[in-house]
Amino acid sequence: MNVLDAAIQDLVMANHILANENIVDAYGHVSVRHPENPQRFLLSCSRSPEFVAADDILEFGFDGEPVVPGGKKPYLERFIHAGVYAARPDVNAVIHSHAADVLPFTISTRPLQPVLNTASGIGEHVPVWDIRDRFGDTNILVESIEQADDLASTLAGNSVTLMRGHGFTAVGRTLIEVVKSAIYLPLNARVMMAALSLGGEIKPLSPGEIAIRHKTPIDSPAYTRAWEYWTNRVKLSRVGACSCCGGEHGQHDTDNARGK
Ligand SMILES: [Zn+2]
């Protein structure tokens, strides 16, 4: 398998992992930088991540437009990825999600902080980008390269930026790294909210702790075993899926019992 096909295969699996872990639903998307051309990136056409297949993956330039025009319809918010890749040469993968657990922190002055070891990848500082600050009243979606550039300037050198009333954008050196950040970010938000409800002060990770954890080699088992785990969970979720309708046999039994 060549490097492009391998990148597409991993990207398809990342879509399925994020859907299976409830980080994305009908909305949200994940991309990778093109393995052979750093001026381009790979992203699905406008399809819910759970259903993305290899032939849905399109190639985009930093203008946010498909390299080959006239194909499948792209996501409206593909510009997020274009803006981040153009601004951050160190970034090789990007996830945009509307995960509900982080949303309170997108509309509050209380900053989201890393409080869990597994969420150290989100970094010490998690900024909040508000599209209204520069663009006034909009539909809240990132639909232009100008808006994406503004988002990237708020993201700056961080690993995650929250998006006011909308969700988050996370970046990583690799696909595995950003998938891990996206999976543990909502858990981190839930734990922080629960701790705050107890009253008193909370103890976030220290900058030193985050720096030490960041030194873990990106190809170490700490990352690769997580990818194996998430991949197997995707496969297990499909066990029993019916070839005729994609539903589960158990659901067929239920439907039959109800005379459907
Ligand atoms: Zn969005």
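How many of the nine residues of α2 are buried? Seven of them are, so α2 is largely enclosed by the rest of the structure. The legends below take up this helix and several other spots.

This is a predicted model, in which local features need pLDDT of at least 70 and side-chain atom pairs count only at pLDDT 80 or more, while totals for chains, interfaces and linings use all residues. Residues are numbered from 1 along each chain as its sequence is written, and side-chain values use heavy atoms, with hydrogens and water left out.

**View 1. Helix α2 and its buried residues.** The buried residues here are F79, I80, H81, A82, G83, V84 and Y85. Buried means under 20% relative accessible area, exposed means over 50%, and partly exposed lies in between (1.4 Å probe, protein chains only). Helices (H or I, at least four residues) and strands (E, at least two) are DSSP runs, numbered from the N terminus.

**View 2. Helix α5 and its packing partners.** In α5, which spans residues 145-155, the buried residues are Q147, A148, D150, L151, A152 and L155. They pack against helices α2 (79-87) and α4 (131-135), and against strands β5 (128-129), β6 (160-163) and β7 (167-172). Look for Q147 in this helix: its relative accessible area is 11%, so Q147 is buried. Beyond its neighbours within four places in sequence, Q147 is in contact (heavy atoms within 4.5 Å) with W129, I131, F135, T138, L141 and V142.

**View 3. A156, just after α5.** A156 follows the helix and has a positive phi, near 50°. Its place is in the loop between α5 and β6. A156 counts as partly exposed because its relative accessibility is 37%. The C-alpha atoms of A156 and A6 are 29 Å apart, with their positions 150 residues apart along the chain.

**View 4. L205 in the loop between α6 and α7.** This loop joins α6 (175-197) to α7 (207-214). With 16% relative accessibility, L205 counts as buried. Setting aside residues up to four places away in sequence, L205 touches P114, V115, L116, N117, S120 and I210. Its C-alpha atom is 9.3 Å from that of G123, a residue 82 places away along the chain.

**View 5. Domain 1 and domain 2.** The protein chain is divided into domain 1 (3-218) and domain 2 (221-260), with bounds that come from an automatic or database domain assignment. Taken over C-alpha atoms, their centres are 26 Å apart. Contacts link 18 residues of domain 1 with ten residues of domain 2.

**View 6. The largest nonpolar core.** A nonpolar core is a set of buried Ala, Val, Leu, Ile, Met, Phe, Trp, Tyr and Cys residues joined through side-chain atoms within 4.5 Å. Among the 67 residues of this one, F168, V179 and W227 touch the most other members. Both domains give residues to this core, so it lies between them. Not counting residues up to four places away in sequence, V179 touches A14, I17, L18, I95, W227 and W230.

**View 7. The crossing of helices α1 and α8.** The axes of α1 (residues 3-20) and α8 (residues 221-237) come within 9 Å and cross at roughly 70°. Axes are lines fitted to C-alpha atoms, for helices over the stretch in contact, and angles run from 0 to 180 degrees between N-to-C directions. The two helices are therefore roughly perpendicular to each other, a label for 65 to 115 degrees (under 35 is roughly parallel, over 145 roughly antiparallel, the rest oblique). Helix α1 contributes D10, M13, A14, H16, I17 and N20 to the contact, and α8 contributes W227, W230, T231, R233, V234 and S237.
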